[in-house]
Amino acid sequence: MAPFKEFSNWNVRASDETEPIEPYRRYYLICEGANTEKFYFYSLINHKQELKIHQMIDIVFVERTDEDLHMSNPKRLFEHAEKVKESHEDFDPDRDKIVIVFDADIYANDSETYATLLQMGNDKAYIMGVSNPSFEVFLLLHIENSYENIIIPNESRIIENKKEGRQRCICKLLSETTGINPKTNKKIGELALSVEIAINQECKINQDILNCIGIITSNIANIIQKIRDDN
């Protein structure tokens with residue numbers, strides 16, 4: 001069995017008498033988390049048209065399976081990306097894109113390794129979506145005025161992101177605000193419908209992934225906006 005499965009809603013098809021229509025570009029999303037990112041990006045893909053993503057753009061969520069299911073270290077995600085490219089004979093490096101989404105918190109005390117990792121990704125022409133401390137920062141940005149009302153007042157707590165009860169701080173803040181546990185409840189994916197709010201608010205926090213250690217960061221909304229602009 002392949003170490004991954006893919007989800008896409010590509011449905012532009014020609015008639016039975018002609019060849020199937022191929023997308024102009026495919027974006028393959030490979031994420032660190034096993035659940036939260038999946039919930040979000042499945043929803044994003046399912047609402048592609050509503051979110052103004054061009055119909056000729058195909059977004060493919062690559063879900064790890066089998067022995068790769070819990071291999072979430074970014075270097076392993078790079079290896080996974082190479083497997084994806086090898087498994088698609090029609091993958092065009094001049095057209096198609098690999099997007100690697102991961103958290104920067106594990107590099108809080110190792111900025112040198114983090115910088116090396118980014119260089120490796122750049123060398124392979126990957127698009128890297130980074131959040132610090134975790135993906136929940138990006139999700140929190142989908143909530144109107146969350147930057148002013150939640151992120152700023154809790155900035156130091158979020159950066160430390162210690163466990164508060166059973167959840168880490170950023171996850172707890174998101175759960176308290178939405179009433180949804182992002183690790184277990186797929187309804188968190190419905191935030192994708194508010195991506196416009198996230199795009200607008202993300203500009204208020206650090207989006208520079210080269211300089212994000214110790215700083216609340218996300219550039220994921222910016223990547224989604226660039227996909228929306230890809231016409």
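In this predicted model, F4 stands opposite R64 of strand β3, a convenient place to enter the sheet. The two strands concerned, β1 and β3, are paired in the antiparallel sense over four bridges. On to the next pairing: β2 and β3 run in the parallel sense, with six bridges between them, and here I30 is found opposite V62 in β3. Taken as a whole, the sheet is open and consists of six strands in the order β1-β3-β2-β4-β5-β8, with mixed pairing. The edges are held by β1 and β8 (217-218), each of which has a single partner strand, so one side of each lacks a neighbour in the sheet.

Strand β3 deserves a closer look. Eight of its eight residues are buried, and the strand is mostly covered. I57, I59, F61 and E63 point one way from β3, while D58, V60, V62 and R64 point the other way; all are buried. The acidic residue E63 has a relative accessibility of 13% and therefore counts as buried, the limit being under 20%.

Further along the sheet, β4 (residues 97-103) and β5 (residues 127-132) pair in the parallel sense over five bridges. Within this pairing, V99 has I127 of β5 as its bridge partner. Helix α3 (residues 111-123) lies across β4 and β5, and its direction is at about 155° to β5. Helix α9 (residues 220-228) also packs on the sheet, where it touches β2 (25-31), β3 (57-64), β4, β5 and β8, and its direction makes about 145° with that of β5. Seven of the nine residues of α9 are buried, so this helix is largely enclosed by the rest of the structure. The buried set comprises I220, A221, I223, I224, Q225, I227 and R228.

Turning to the aromatic residues, a search of the whole structure returns 11 aromatic pairs. One of them joins F7 and Y42 in a stacked arrangement, with 4.0 Å from centre to centre and 10° between the planes. Because F7 belongs to strand β1 (residues 4-7) and Y42 to helix α1 (residues 36-46), this pair ties together parts that lie 35 residues apart in sequence. Y42 has a relative accessibility of 21% and counts as partly exposed. A second pair, F41 with F135, is tilted, at 5.9 Å centre to centre and 50° between the planes. This pair links distant parts of the chain, as F41 is in helix α1 and F135 in helix α4 (residues 135-140), 94 residues apart. Both F41 and F135 are buried. These contacts belong to a wider arrangement: F7, Y40, F41, Y42, F61, F135 and F138 form one aromatic cluster.

A charged residue joins the picture at Y42, where K38 lies over the face of the ring, 5.5 Å from the ring centre. K38 also forms a salt bridge with E63, with the closest N and O atoms 3.0 Å apart. Since E63 is in strand β3 and K38 in helix α1, the bridge ties together parts separated by 25 residues in sequence.

The salt bridges of the structure number 14 in total. In one of these, the side chains of E22 and R26 meet at 3.2 Å, N to O. The two partners differ in their surroundings: E22 is partly exposed, with a relative accessible area of 42%, whereas R26 counts as buried at 11% relative accessibility. Both take part in a network of salt bridges that links E22, R26, D58 and D90. Another salt bridge connects D230 with R25, and the closest N and O atoms are 2.6 Å apart. D230 lies in the segment after α9 and R25 in strand β2, so the pair ties together parts 205 residues apart in sequence. D230 and R25 are both buried.

A contrasting position is provided by E176, which is located in helix α7 (residues 169-178). With a relative accessible area of 55%, E176 is exposed. E176 and E86 are 90 residues apart in sequence, and their C-alpha atoms are 42 Å apart in space.

Terms used:
Residues are numbered from 1 along each chain as its sequence is written. This is a predicted model: local features need pLDDT of at least 70, side-chain atom pairs count only at pLDDT 80 or more; totals for chains, interfaces and linings use all residues. Side-chain values use heavy atoms; hydrogens and water are left out. Rings of Phe, Tyr and Trp (its six-membered ring) pair if their centres lie within 6.5 Å; planes under 30 degrees apart count as stacked, over 60 as edge-to-face and the rest as tilted. Buried means under 20% relative accessible area, exposed over 50%, partly exposed in between (1.4 Å probe, protein chains only). A charge sits over a ring if NZ of Lys or CZ of Arg is within 6 Å of the ring centre and within 35 degrees of the ring normal. Two strands pair if DSSP finds at least two bridges between them. Contact means heavy atoms within 4.5 Å. Axes are lines fitted to C-alpha atoms, for helices over the stretch in contact, and angles run from 0 to 180 degrees between N-to-C directions. A salt bridge is a side-chain nitrogen of Lys or Arg within 4 Å of a carboxyl oxygen of Asp or Glu.
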